[in-house]
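Got your viewer open? Let's take a short walk through this one, a stop at a time.

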Amino acid sequence: MNDLRPDTSAAPALRRLLDLLASGAATEDFADVLSDARRRGAPAAVLSEIDDATWQALRVHRTLRQHRRREAELTALFDTAGDLAASRDLDTVLQAIVRRARLLLGTDTAYLTLPDEAAGDTYMRVTDGSVSVLFQTLRLSLGDGLGGLVAQTARPYATPDYRTDERFHHTGTIDAGVLDEGLVAIIGVPLLLGGRVIGVLFAADRSPRAFSPDEVALLCSLAAHAAIALDTAKSLADTRAALAELNSANELIRAHSAAVQRAEQGHDRLTDLVLRGAEVPDVAAEVAALLGGGIAVLDTEGEPLAGRAGPAEGLAEAVAASRAEGRSVRHGEDWVCAVLAGQEPLGALVLRGRPDLEDADRRLFERASVVTALLLLLRRSVAETENRVRGELLADLLTAPDRDPAGLTARGRRLGVDLGRPHLVLVAEPAGAPGTAVTDRGRLAGAAGRYLFGSRGISAEHGEAVVLLLPDDSSAPGLTGAAGAAGMTGAAGAQQVAELAAERLARLAGFPVTVGAGRPAAGPVALAASYAEGLRCVRALRVLGRAGDGASARALGFLGVLLGDGHDVDGFVGATLGPLLDYDARRGTELVRTLRAYFDCGGSLTRAKDELHVHVNTVVQRLDRVEALLGRDWNHPERSLELQLALRLQLLAGG
């Protein structure tokens, strides 16, 4: 039961007020002291004293609360300063500042925006307490919304209710983001650096609220720390960039010094190569080692004299540009430098694997082209001299091969030509022959010399034609492509060599050239016979209207049998019916007999099955197998004619 005796003294009430101050009670508890005194019937003088004491206690209570808040604010500011002093990650420091702003102001969320100079607006850099993805990705144009106004004026702004505040320029995008986050009261303060706004720090509540000047001042202090953090990060970034630039400059100086040393070294080594009589591949290998890339030396036709030839697309244009500019030019990821003797093109150098070529290395590459030109001129001069001497040997061999075969063979060996080894004989005529002007034949002879340049072949004018003698192996100029890679020599290679020779000789001479290839042969007498066969091939091509083509007797099919001196019936039959003969021999079938009966019966399946005494389905199945072995064109008129001739020759030969 409460003691309702009247208080005649204010002392108990004063002690209670002191207890409330000591315990940090709420403001409402202080008013209860005066109310209790009135209920007890305290005299008016006592009530007046208690009222004055209560007012003084509230002042002390407010002062203590302000001190505690100030202590918390100072602690937060000291912690932030400590974060900056510790040089922590910028994202971590900014996140800590935003979080402390939210905690100290007691708001639902806090966030910081920074300008995007490229886009010309601002974006959310850090958020704390945000739940809306739309709000977290919001972008504000200068002057739009509360943040845009803060950035534009460099002054703090606060609103108790953003939705109804008409001081700001509202936009649909910003209002949608604010609504999605549910924000009502917002305060924003600028991040100032030298009077320039570099960002905005915000705190916001999801209910109406008026922000006090102390809260504005606190947020401004945190914004100042954020500005320092951003400035420090920028300074560190600038310092790192400056160091990186210094390192790059240092690397560039070292690289330039190394390039100069390589150029000096390269000059000495290339000079030594020339003095030692090195060949073009030696120069290519030396330059590749000096420049650290792949080097290819090409002739005027784009064929490789050393190294590996790359894609030919656009290469001729690059060589022409290099010739016009008088220095190396960029060609895709490669470098190209024309090899010139005065204004005469001798070929080109191609450097691969060095897309970024420094000036010193570029000059070394261009110097290598000069050395290559010198070597090519010396080599061409020697080759022309040797070819004249060897040409005399070839002319004697074709004129009287049986007069002294052993002497011709020995003479050839002294000149570096082993007539005892298999060779291909090519007979080339201007496509306008017979009666071709002597000047055309002379140009063709010069083209043949350039065509054989770098190989072990020889050439000479003989009669109205130019004759080329090539070793029957992959070193022949016509076999440097697919045929050489596949090891295609002999009769099959002769056809491809003839085709390629006709094409390249035409380019070198400037007019169409017809080329006939004799069969591979060894020894003076056989080589002379091969020449006669090649000459008949050229004449046959002319009669067939194929001037400007290249062919061998074997490739002309049954015409090759008629043209060839040896009348190689077995070779023709084997080349035409070989797959069928092999299949019959392995399987014990009768594909050849079935094909002969089919042709003898005029292509009638019914008559053929009666001839063979088998069911018509058997004939069909056998012919399907013939098609699988010979190809789908086996029954076309031209192929059919060759097959029938081969079948008849086989039958006459007793096959």
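Which strands does helix H9 lie across? Keep that in mind while you look around, and remember that this is a predicted model.

**Start with the whole chain.** Colour the protein chain by secondary structure: there are 22 helices and 16 strands to find. The chain has 655 residues, and 43% of them count as buried. Now switch on the surface. About 32,800 Å² is exposed, with carbon and sulfur atoms supplying 53% of that.

**Next, pick out a sheet.** Look for the open sheet of five strands, which runs in the order E8-E7-E11-E10-E9 with antiparallel pairing. Select 304–306 for E8 and 329–331 for E9: these two stand at the edges. Each has a single partner strand, so one side of each is left without a neighbour in the sheet. Turn the view and you can follow the twist, as neighbouring strands are turned by 35° against each other on average, ignoring direction.

**Zoom in on one pair.** Select residues 294–298 (E7) and 344–352 (E11). These strands pair in the antiparallel sense over five bridges. Click on glycine 294, then find its bridge partner in E11, which is arginine 352.

**Now add the helices.** Select residues 280–291 and you have H9, back at our opening question: this helix lies across E7, E8 and E11, and runs at about 150° to E7. Then select residues 315–325 for helix H10. H10 lies across E7, E9, E10 (334–341) and E11, running at about 60° to E10.

Technical notes:
Residues numbered from 1 in each chain as written. Predicted model: local features only at pLDDT ≥ 70, side-chain atom pairs only at ≥ 80, totals over all residues. Heavy atoms only, no water. Pairing = 2+ DSSP bridges. Helix = DSSP H or I, 4+ residues; strand = E, 2+ residues; numbered from the N terminus. Axes fitted to C-alpha atoms, helices over the stretch in contact; angles between N-to-C directions. Contact = heavy atoms within 4.5 Å. Buried < 20%, exposed > 50% of the residue type's maximum accessible area, 1.4 Å probe, protein only. Areas by Shrake-Rupley, 256 points an atom, 1.4 Å probe, with all protein chains shown as cover.
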